[in-house]
Amino acid sequence: DGRRTAAEELGFDLVLGSDLVYCKDVVKPLFTSAALLMSKTSAAAFLMTQSFVYEDETEEEIDRMCKKLSLKREILRDDLGKDCHNNVDGVRVQKYTSVTSS
């Protein structure tokens, strides 16, 4: 009947998340949701932080989903584990934007 669902109508300039990925199985639904929420605004961004290092297969799944969803991945800050001797755990901050955005 041509009506759109509430999820299809939503759109955000900025999507934020912290420590969202604990295994590779959550990457696909997370990035699919983030891409949908960003799809209404060409300059939208998804900022995600993490306080621990991901397994290699999780990193590979993130890269695969970025390619599939046409997202550009930019690491804004990465000091995970760099100061473990002073009990500073560090953080990684990543920014995802549409490849077509400027």
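Four strands form an open sheet in the order S1-S2-S4-S3, and the pairing in this sheet is mixed. The edge strands are S1 and S3 (71-78), each of which pairs on one side only. From one strand to the next, the twist averages 15°. The model is a predicted one. The chain has 3 helices and 4 strands in its secondary structure, and from the N terminus on, its elements run α-β-α-β-α-β-β.

**Strand pairing**

- Strands of a sheet pair through backbone hydrogen bonds, and the pairing is either parallel or antiparallel.
- Strand S1 (residues 14-18) and strand S2 (residues 45-50) run parallel and are joined by 5 bridges.
- Two residues of this pairing can be followed by name: Val 15 has Phe 46 in S2 as its bridge partner, and Leu 16 has Leu 47 in S2.
- S2 also pairs with strand S4 (residues 92-98), this time in the antiparallel sense and over 6 bridges.
- In that second pairing, Gln 50 has Arg 92 in S4 as its bridge partner.

**Helices and the sheet**

- Helix H2 (residues 27-38) makes a right-handed β-α-β unit together with S1 and S2.
- H2 packs on the sheet and touches S1, S2, S3 and S4. The direction of H2 makes about 145° with that of S2.
- Helix H3 (residues 56-69) packs on the sheet as well, touching S2, S3 and S4. The direction of H3 makes about 140° with that of S3.

**Gln 94, a polar residue in the sheet**

- Gln 94 lies in strand S4.
- Is Gln 94 buried or exposed? Gln 94 counts as buried because its relative accessibility is 0%, and the cut-off for buried is under 20%.
- The side chain of Gln 94 makes a polar contact of 2.8 Å with the side chain of Gln 50.
- A polar contact of 2.6 Å links the side chain of Gln 94 to the side chain of Arg 73.
- Leaving aside residues up to four places away in sequence, Gln 94 touches Phe 46, Leu 47, Met 48, Gln 50, Tyr 54, Arg 73, Glu 74, Ile 75 and Leu 76.

**Asp 79 and the loop between S3 and S4**

- Asp 79 is found in the loop between S3 and S4.
- Asp 79 has a relative accessible area of 22%, so it is partly exposed; buried would require a value under 20%.
- The side chain of Asp 79 makes a polar contact of 2.8 Å with the side chain of Arg 77.
- Which backbone nitrogen does the side chain of Asp 79 reach? The side chain of Asp 79 reaches that of Val 91, at 2.7 Å.
- Not counting residues up to four places away in sequence, Asp 79 touches Asp 89, Gly 90 and Val 91.
- Asp 79 and Arg 92 are 13 residues apart in sequence, and their C-alpha atoms are 6.3 Å apart in space.

**Positive phi angles in loops**

- Most residues other than glycine have a negative phi.
- Asp 19, in the loop between S1 and H2, is not a glycine and has a positive phi near 50°.
- Ser 70, in the loop between H3 and S3, is not a glycine either, and its phi is positive at about 55°.
- Ser 70 is partly exposed, because its relative accessible area is 38% and partly exposed residues fall between the 20% and 50% cut-offs.

**Cysteines**

- How many disulfides does a search of the whole structure find? The search finds 0 disulfides.
- Cys 23 has a relative accessible area of 33% and is therefore partly exposed.
- Cys 66 has a relative accessibility of 5%, so it counts as buried.

**The chain as a whole**

- The chain has 102 residues, and buried residues make up 29% of them.
- Among the contacts in the chain with a separation of 6 or more, 68% are between residues 24 or more positions apart.

How values were computed: Residues are numbered from 1 along each chain as its sequence is written. This is a predicted model: local features need pLDDT of at least 70, side-chain atom pairs count only at pLDDT 80 or more; totals for chains, interfaces and linings use all residues. Side-chain values use heavy atoms; hydrogens and water are left out. Two strands pair if DSSP finds at least two bridges between them. A crossover is right-handed if, with the strands pointing away from the viewer, the path from the first strand over the helix to the second runs clockwise. A disulfide is a pair of cysteine sulfur atoms within 2.5 Å. Buried means under 20% relative accessible area, exposed over 50%, partly exposed in between (1.4 Å probe, protein chains only). Axes are lines fitted to C-alpha atoms, for helices over the stretch in contact, and angles run from 0 to 180 degrees between N-to-C directions. Contact means heavy atoms within 4.5 Å. A polar contact is a pair of N or O atoms within 3.5 Å; within protein, one must be able to donate a hydrogen and the other to accept it, and residues adjacent in sequence count only if both atoms are side-chain atoms.
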